[in-house]
Every structure is written in structure tokens, then in C-alpha cells.
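Let's take a walk through this fold together, strand by strand and helix by helix. Keep the viewer open as you read.

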Amino acid sequence: MRFATWNVNSLKVRQQQVLDWLAANPDLTALALQETKMEDSVFPQAEIEAAGYHVAFIGQKTYNGVAIISRQPLTDIQYNLPNFDDPQKRVIAATVAGVRFICAYIPNGQSLDSDKYPYKLAWLEAMNAYLIDEIARHPKLILAGDYNIAPEDRDVHDITKWAGGVLVSPAERAAFAGMIALGLTDAFRNFEQAEKSFSWWDYRGFSFKKNAGLRIDHLLITPDLTRKLTASGIDIEPRKHERPSDHTPVWASFTD
DNA sequence: ATGGCAGGGCACCCCTGA
């Protein structure tokens, strides 16, 4: 089994890149997408199914929007956090290959003095409460997505440039640590990894070329899956393409 | 300290992202 997450920053623009990446990764069980930025009525369901996949999605115009694409059927699809009334479409979950696969686009927060920051913290609190229930129901669970949190300073190319802002604030990192405290493992960090491994690079200032990035896309997994974890990584290949997303896929492999 | 790039929307400037 292999699972991945990718913030595509508009599925309309990245649709072919997603299909190409899936074709290049035939062992992938399921892929979580964030920032599809499209309403359900225009979601390319037929094209994705015609390519041989199952898909579940929920979106809105301009902002947010999440989807799960898989090679096996998706069951028990859930839309949104059940315990948080939120017009923003940021969560979709499904069971695939016996794994509860949650796809989340965690709020950015914008800045510490923005209204969006307390929204982010409240959202994370609701996610934590939701996870407690879900982990109890599903021993094999993955929370995959764009967390908009760099958990540690080594996940930031230059902490002096980001200190005092969102993505690295103590409260956000505490929320991430709160998820780890539920018994979850950061699949990427379960193995020795290259220094300066990132999943996002700003479009501006040749950030990708300079590897001035952040690691903010993660797969957190339950103990039952940690025992089965065989490898994890970040595929920076798509970030090199023409018109790339600013994020790149992050993945984890498991024994069946 | 600022803005830089990219996507999208009733729209040729503004908002958001991270």
C-alpha cells in the first residue's frame, strides 16, 4: 500500500499533471488532493474515472476544495469535520484498502494578528477532537494533507525569515504535537531523511531553485500503520514541471 | 520593511496563499 498527499493549487490547472503523476506511480493506493478550487458541478469526475480511478470530492469556488483519488473503491465517504460548522470545504475522508484515509486542508492563518489565525487554532482543536473518535473507530488511519504547519525548525529553510509568523507559531506547533500525542507518527520522520527536505516552495524569488522551502504537507499515521511503514518521502519531480503547483507530493509506503 | 509569483473572480484590480 502507498498513500500520498498533494496540494495542487487549482485542479483545473493541474488536472493533467495529477493524471500523469498517478500514471507514473502505479503502486499508489490513494492520493489526497487539496486546493482543488472548484465547485462539485465542474469537478472532472468523468475524466478521472475514465482514467481508471475512483474519486470523492467536495469543493467550492476560488478557495479550498479537497478530493481523494484511488485505484480501489472508496467507502464511507465523509464530508467536512462533523464537529465544526464551517462553510469552507477543507476535509474529506474515506475508507480504502482497509485504511481510514482523511484528507485535510488545514487553514493557513495568514498572520498572527489576522482573524484567520484564531480560526485556524479553533479548526485544529476540532480536528484533534475528531481524530480521537476516528482513531478509536479505525486503528489503521492516515491524516494526510496540507497542514500549514512546519513542525520543527529543521522543516524551515531559514527560521529567522519565518519566526513570528504563521506556520511556525508555538500554538500551531503545539496543535501538531497534540496530534502526535494521540499516538500518531509523522511518516516522513520515521526514517532518516536528507536535510532541508521540503514540500512547498514560494513561486517568488527562485525559491525552488534555491531550495528555500518549508515542510508543511504531512501524513500522520496510527501505530497499526507505523508497524507496517516501509518507506516515506517527498517527490520533488512535479515541482520542476511547467506551471507547477507550489506544493509537491508527499508519500508513505506500507506492507499490505 | 517590502514585495516578489500564481490562481481566480463579474474583473484589468483585488484577494488569498504560505
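E3 and strand E4 (residues 66–70) pair in the antiparallel sense, with five bridges between them. To find your way in, look at His 54, whose bridge partner in E4 is Ser 70. Bear in mind throughout that this is a predicted model.

Now zoom out to the sheet these strands belong to. It is an open one of six strands, running E3-E4-E2-E1-E14-E13, and its pairing is mixed. Which strands stand at the edges? They are E3 (54–58) and E13 (229–234), and since each has a single partner strand, one side of each is left without a neighbour in the sheet. From one strand to the next, the twist averages 10°.

There's another open sheet of six strands to look at, ordered E5-E6-E7-E8-E12-E9 and again with mixed pairing. Here E5 and strand E9 (185–186) are the edge strands, each pairing on one side only.

Start from the E5 end. Strand E5 (residues 75–79) runs antiparallel to E6, and three bridges join the two. Thr 75 is a handy marker here, as its bridge partner in E6 is Thr 95. On to the next pair: E6 and strand E7 (residues 99–105) are also antiparallel, joined by six bridges. Val 96 sits opposite Val 99 of E7. The hairpin of E6 and E7 has two residues between the strands, and Ala 97 there adopts a positive phi near 55°. As for E6 itself (residues 91–96), five of its six residues are buried, so this strand is largely enclosed by the rest of the structure.

Further along the order you come to strand E8 (residues 141–146) and strand E12 (residues 217–221), an antiparallel pair with five bridges. Ile 142 stands opposite Ile 221 of E12, if you want a place to check the register.

On to the helices. How do H3 and H5 pack? Helix H3 (residues 116–137) meets helix H5 (residues 170–180) at an angle of about 5°, and their axes are 10 Å apart. That angle makes H3 roughly parallel to H5, because anything under 35 degrees counts as roughly parallel. On the H3 side, the contact is made by Leu 121, Leu 124, Asn 128 and Leu 131, while H5 brings Ala 171, Ala 175, Gly 178 and Met 179. Sort the residues of this contact by class and you get six nonpolar, two polar and no charged ones.

Just ahead of H5, have a look at Val 168, which lies in the loop between helix H4 (159–162) and H5. Is Val 168 buried or exposed? It counts as buried, because it has 21 C-beta neighbours inside 10 Å, and 20 or more is what the label requires. Setting aside neighbours within four places in sequence, Val 168 is in contact with Ala 150, Val 156, Trp 162, Ala 163 and Arg 173. To place it relative to Leu 219, count 51 residues along the sequence and 18 Å through space, C-alpha to C-alpha.

Finally, turn to the DNA. There are 22 residues around DNA strand B, and those that come nearest are Ser 10, Lys 12, Asn 108, Tyr 203 and Arg 204. What classes of residue make up the surface near DNA strand B? By class, that surface has eight charged, eight polar and six nonpolar residues.

Technical notes:
Residues are numbered from 1 along each chain as its sequence is written. Chains are lettered from A and ligands numbered from 1 in the order in which they are written. This is a predicted model: local features need pLDDT of at least 70, side-chain atom pairs count only at pLDDT 80 or more; totals for chains, interfaces and linings use all residues. Axes are lines fitted to C-alpha atoms, for helices over the stretch in contact, and angles run from 0 to 180 degrees between N-to-C directions. Helices (H or I, at least four residues) and strands (E, at least two) are DSSP runs, numbered from the N terminus. Angles under 35 degrees count as roughly parallel, over 145 as roughly antiparallel, 65 to 115 as roughly perpendicular and the rest as oblique. Two residues are in contact if their C-beta atoms, placed from the backbone, lie within 7 Å. Ala, Val, Leu, Ile, Met, Phe, Trp, Tyr, Cys and Pro count as nonpolar, Asp, Glu, Lys and Arg as charged, and the others, Gly among them, as polar. A residue is near a molecule or strand if its C-beta atom, placed from the backbone, lies within 6 Å of it. Two strands pair if DSSP finds at least two bridges between them. A residue is buried if 20 or more other C-beta atoms lie within 10 Å of its own, exposed if 12 or fewer, and partly exposed in between; C-beta atoms are placed from the backbone.
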